[in-house]
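Work through the exercises below with the model open. Try each task before you read its solution.

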Amino acid sequence: MTAVVHERACLGQQAAQQIAAHVSELPETGDWLVHRLFDQSYVIVRGKDGKVRAFINSCTHRGTYVAVEGCGNTSLFTCPYHGWVFDEKGQCTEQPYEEAEDPHGRFKDKVTTPAYEVAQLGGMLFGYLGPKPAPVLPKWDLFVEEEAMREVGFAVVPCNYLQIM
């Protein structure tokens, strides 16, 4: 058993809501950021409908990252390998070679990268990375108390999270 598999088993990645970002990091339509949890990279994006979603940062064709920078603003993510294009829901919208080969083909409509639920609570965005349906996010008192003073900050620390607990 690898260390990553062991950590997943201990922490229950598939069964828990994970803090993914703060709402201020995705204020506008098309804003996105890359979030890494264990050995998997996710794109968290605010869609055209204002809803925040997450999908695996990987082209379903060759597994290449579709978002390589840390954050940005776009409504489409393009795989640099063959140019497959994915929208903010992880749905493939364009396959350049396939369209040249068979203009009436609809293979792209069947291609999607796994997407996950994102919930908001107290200014934080929580991603659920397990099977559907996603559980209801608990209303933790510090996140929902009306007159609570909250300050959110972060720091990049060059160590494993277990070392700083």
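The exercises that follow concern a predicted model.

**Exercise 1. Lay out the open sheet of seven strands and find its edges.**

Step 1. Write down the strand order: β1-β10-β9-β4-β3-β2-β5. The pairing is antiparallel.

Step 2. Look at the ends. β1 (17–22) and β5 (71–73) each have a single partner strand, so one side of each has no neighbour in the sheet.

Step 3. Add the twist. On average, neighbouring strands are turned by 30 degrees against each other, direction ignored.

**Exercise 2. Trace the partners of β10 and decide how enclosed this strand is.**

Step 1. Start on the β1 side. β1 pairs with β10 (residues 124–128) over five bridges, in the antiparallel sense. Ile19 has Phe126 as its bridge partner. Ala21 has Leu125.

Step 2. Turn to β9. β9 and β10 also pair antiparallel, over five bridges. Here Gln120 stands opposite Leu125. Two residues lie between the strands of this hairpin, and Gly122 takes a positive phi near 60 degrees.

Step 3. Sort the side chains. In a regular strand they alternate between the two faces of the sheet. Met124, Phe126 and Tyr128 point one way from β10, whereas Leu125 and Gly127 point the other way.

Step 4. Check burial, with the cut-off at under 20% relative accessible area. Five of the five residues of β10 are buried, so the strand is largely enclosed by the rest of the structure.

**Exercise 3. Identify the elements behind the largest nonpolar core.**

Step 1. Pick out the hubs. The core has 14 residues, and Leu26, Tyr42, Ile44, Val52, Tyr116 and Leu125 touch the most other members.

Step 2. Assign elements. β1, β2 (31–37), β3 (40–46), β4 (52–56) and β9 (115–121) each give two or more residues. β4 gives the most, with three.

Step 3. Separate the second core. It lies apart from the largest one and has 13 residues, among them Trp32, Val43, Val45 and Phe55.

Step 4. Examine one hub. Beyond four places in sequence, the contacts of Ile44 include Ala20, Leu26, Trp32, Val52 and Ala54. Polar or charged residues such as Asp31, His35 and Arg53 are also touched by Ile44.

**Exercise 4. Is Glu88 buried or exposed, and which residues does it contact?**

Step 1. Locate Glu88: the loop between β7 (85–87) and β8 (92–94).

Step 2. Apply the cut-off. Relative accessibility is 7%, so Glu88 counts as buried.

Step 3. List the contacts beyond four places in sequence: Val45, Gly47, Lys48, Arg53, Phe55, Ser75 and Phe77.

Step 4. Compare sequence and space. Glu88 and Gly47 are 41 residues apart in sequence, yet 5.7 Å apart C-alpha to C-alpha.

Terms used. Residues are numbered from 1 along each chain as its sequence is written. This is a predicted model: local features need pLDDT of at least 70, side-chain atom pairs count only at pLDDT 80 or more; totals for chains, interfaces and linings use all residues. Side-chain values use heavy atoms; hydrogens and water are left out. Two strands pair if DSSP finds at least two bridges between them. Helices (H or I, at least four residues) and strands (E, at least two) are DSSP runs, numbered from the N terminus. Axes are lines fitted to C-alpha atoms, for helices over the stretch in contact, and angles run from 0 to 180 degrees between N-to-C directions. Buried means under 20% relative accessible area, exposed over 50%, partly exposed in between (1.4 Å probe, protein chains only). Contact means heavy atoms within 4.5 Å. A nonpolar core is a set of buried Ala, Val, Leu, Ile, Met, Phe, Trp, Tyr and Cys residues joined through side-chain atoms within 4.5 Å.
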